[in-house]
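User: I am new to protein structures and would like a close look at one part of this one. Please take me through the place where two of the domains meet, and set it in the context of the rest of the chain.

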Amino acid sequence: MTDRIANPWGERTPFVPSEEWPVRVDQFLEEGVSEEDVDRWVQSASILHSNGDAIDAAVKDGRIVGVRGRAVDRVNRGRVDPKDLFGWQANNSEDRLKRPLVRKDGELVEASWDEAMGLIVERSRQLLDEKGPLSFGFYTTGQLFLEEYYTLGVIARAGLGTPHLDGNTRTCTATAAQAMKESFGSDGQPGCYTDIDHADAIALFGHNVAETQTVLWMRMLDRLEGKEPPKLVVVDPRPTPPARRADVHLAIRNDTNVALMNALLHEIIANGWYDQEYVDAHTIGFDELKKTVMRYPPERAAEICGVPAEEIREAARIIGMAKRLVSSALQGFYQSMQATAAACQLNNLHLIRGMIGKPGCTVLQMNGQPSAQNTRETGANGDLPAFRNWDNPKHIQELADLWNVDCLQIPHWAPPTHAMQIWRFAEQGSINLLWISGTNPAVSLPEISRIRRILAQEGLFVVVQDIFLTETAQYADVVLPAATWGEKLGTFTNTDRTVHITEKAVEPPGEAKSDLDIFLEYARRMNFRNKDGEPLIKWEDPESCFEAWKECTRGHLCDYTGITYEKLREGSGIQWPCNEESPEGTERLYTDGVFITQTDRCEAYGHDLLTGAALSEADHKVMNPAGRAIIKPIEYQQPLEEPDKEYPFRYTTGRTVYHFHTRTKTARAPQLQDAAPDAWVEISPVDAKSLGIEEGNMVRVESPRGHVEARARVCNIAQGLIFVPFHYGYFDVPTKDSPNGRHRAANEMTISAWDPVSKQPLLKSAVARVIKVADSDKTPSPAPTTTASEPVSDGSTDGALVPATEGGERAEVSSVIGKE
């Protein structure tokens, strides 16, 4: 038995490149329930991160009572993230939404489905008549199922005709998609997780994989513990578990990613560590890249980034001399200044080294949510379905023919509206109905005092579709109770293109309905019709929707036509493209060096990485990549905010291993909540000493936009940097600790600015000052001691030695190694 709170990554199963990753089946059952007590095990996959771990849900007496990993699956080989081991308990919470709520006399009261949907439809028809489709906005999530996103996309694009549809994926993975479009011509990971099994070097760029994708870190740890371990390079300003294991840890300043990447590229080119033959045959733009990065020797980058030049050189040597290199990036790149530009430089690094499309050779532009990939594939995130190009008339006509609508019904006169602009339109009053599904923007978006003001506007009709009464739902005019994982059928796709099915294990509580059923009911009541007068949406259940989606993908990169529900039930998840040519799925893309950059095929014509200006079809034809990857260089640009006398610190936000997003699920799992019960403020020992701050002191952190108050964690974070986890809102605290009292939500302080290309908010780009509120009362910081927030007084070295909490709920998990 392993305590998976004290040791989030469990037991090691070392292996070498010539071997398959060993099986280790993790399992956790409710207190008092044994395997013999379980009525049935139901196939599913993880919902609290983006890794896509296959799991089975244990059902007893109509309730979910535990989970175990699926040994047969290619993604996790039986392992389970601690959030999934314990997070399922939220399904059984007594405070689940069970009936619709409507606002009457300023209060939310229970109502029937007929009344709630009637109000939404009445308001919808009124707005269509008076203002038209541009008065509608939809803000969705990265946690629904593929079938639900696709249905929502058809409703928005072809039913209403609004371009205002995006997801909270804009805050976490928009840059991943955009960087692949800019470099490779299309979204879609070029490689896969099994590339880690073959790599002799791994480089993590702003990616705390140990806390965001724990099973992926388990895979890396097992390589590091085996014979022939890969070298590890980590770029992160915090002492994350990977940073503590790294051969080189570059704790750079926030917002200096482009300067660092240019210096690494400088060293690779200057030392001849690039593949000239591959560059000549399969890329364009190398000469301009070389000219740009020659202006960034390590000494210049060291001055900008705040790390020694020799450490930059050593990192470049490891990356440049590796025979098989896997790199990944996440929010440290995506939520910072020049996000798309930095991510593209990582693509450039792999392109000039020729390390794409071969075993052990890939860049993983990571996702943050379980179905973020589907949000992007289905067009629910500001793209069009199946990676079609909104600016390509042929692609628009394909959709019009598929849905049997006039092509003018599908908005394509400008790019689909990104999330931050949707909220701006709502603020200005041009969007009058905002439908929010499965996300909590009153905690997760930047500058949330502004978001609260927008939600509270008199002229905005807010619909919230969720499983709990979140901070956002409290502002709604109508709240719709939704089913969640384990209570509905559908599919979703992980970061490395693996599609899983998740079966319905139990009934949802009360009158809660699946998101698909809610969207289908809205479409029926709105009477959306195609050109022949037939119902626009012809499917009535998840599987028939999946079949319709397959036709939408036919012939495109994300081709699902070879996947069926029956095939997904046979064992492991399946990677797209899966079709007649690749009936078992496709492990790697671009194995022939041919990319999706043909002008008539590409998902986007590209952008200026500095200004965000879009290139036209004519521009793309002149560039003529013709199947070659596009290398785009960029100069370093200073952050929007720099520390000064008034605000002397840089400020950043992020995650802990024990929580997901705004804790709507994980706070209701006692093991996870006990491990990280409240917000904290990370500060370096030098900075703490200068301010007279000790471990556990209550401190106030202020930015030009707001403040938070929490207990200090004195740790080995980079000097001059302050970190606050973004998970903590106000739904589970007393009134005095609400937004009207003690602020603890990290996004009270963040800036309403975004990357010019991906439009991803700069949640890691701000300045702050720190004030000690009170001397220590001997109450320790609530920060975990097992992860990046490990205190300086703790002597552990691998981030897995010290329990995060003492006592509390049982956290022991059984793990069987070698069990198929």
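Analyst:
**Where two domains meet**

A search of the whole structure, which is a predicted model, finds 20 aromatic pairs. One of them joins Trp-549 and Tyr-560. Their rings sit edge-to-face, 5.7 Å from centre to centre, with 75 degrees between the planes. Trp-549 belongs to helix H22 (residues 542-553), while Tyr-560 is in the loop between H22 and helix H23 (565-568), so the pair ties together parts that are eleven residues apart in sequence.

Now the layout of the chain. Domain 1 covers 2-95. Domain 2 is made of 101-167 + 371-575. Domain 3 takes in 174-366 + 596-630. Domain 4 runs over 649-789.

The part to look at is the meeting of domain 3 and domain 4. Their centres, taken over C-alpha atoms, are 29 Å apart. Domain 3 brings 33 residues to the contact, and domain 4 brings 26 residues. Together the two domains bury about 2300 Å² between them. Carbon and sulfur atoms account for 53% of that area.

Which three residues supply the most of the area that domain 3 buries against domain 4? They are Glu-211, Arg-238 and Gln-335, with 31% of that area.

Keep Arg-238 in view. Its side chain meets that of Glu-682 in a salt bridge, at 2.6 Å from N to O. Between domain 3 and domain 4 the count is one salt bridge. Polar contacts add to the picture: 16 residue pairs make them across this interface.

Next, see which helices of domain 3 take part. Helix H4 (174-184), helix H6 (209-212), helix H8 (241-245), helix H14 (331-334) and helix H15 (339-352) each supply at least two residues of the side that touches domain 4. H4 gives the most, with four residues. Sorted by class, this side of domain 3 has ten nonpolar, 16 polar and seven charged residues.

Helix H8 also appears in another salt bridge. The side chains of Arg-245 and Glu-225 meet there, at 3.0 Å from N to O. Arg-245 lies in helix H8 and Glu-225 in helix H7 (residues 214-225), so this pair ties together parts that are 20 residues apart in sequence. The count of salt bridges comes to 61.

Two backbone details round off the tour. Trp-576 and Pro-577 are joined by a cis peptide bond, with omega about -5 degrees. Pro-577 sits in the loop between strand S21 (574-575) and helix H24 (617-623). Phe-387 is not a glycine, yet it has a positive phi of about 60 degrees. Look for Phe-387 in the loop between helix H16 (372-377) and helix H17 (393-403).

Methods:
Residues numbered from 1 in each chain as written. Predicted model: local features only at pLDDT ≥ 70, side-chain atom pairs only at ≥ 80, totals over all residues. Heavy atoms only, no water. Domains from an automatic or database assignment. Contact = heavy atoms within 4.5 Å. Buried area = accessible area lost by both parts, 1.4 Å probe. Salt bridge = Lys/Arg side-chain N within 4 Å of Asp/Glu carboxyl O. Polar contact = N/O pair within 3.5 Å; in protein donor to acceptor, adjacent residues only side chain to side chain. Nonpolar A, V, L, I, M, F, W, Y, C, P; charged D, E, K, R; others polar. Phe/Tyr/Trp six-rings, centres within 6.5 Å; stacked < 30°, edge-to-face > 60°.
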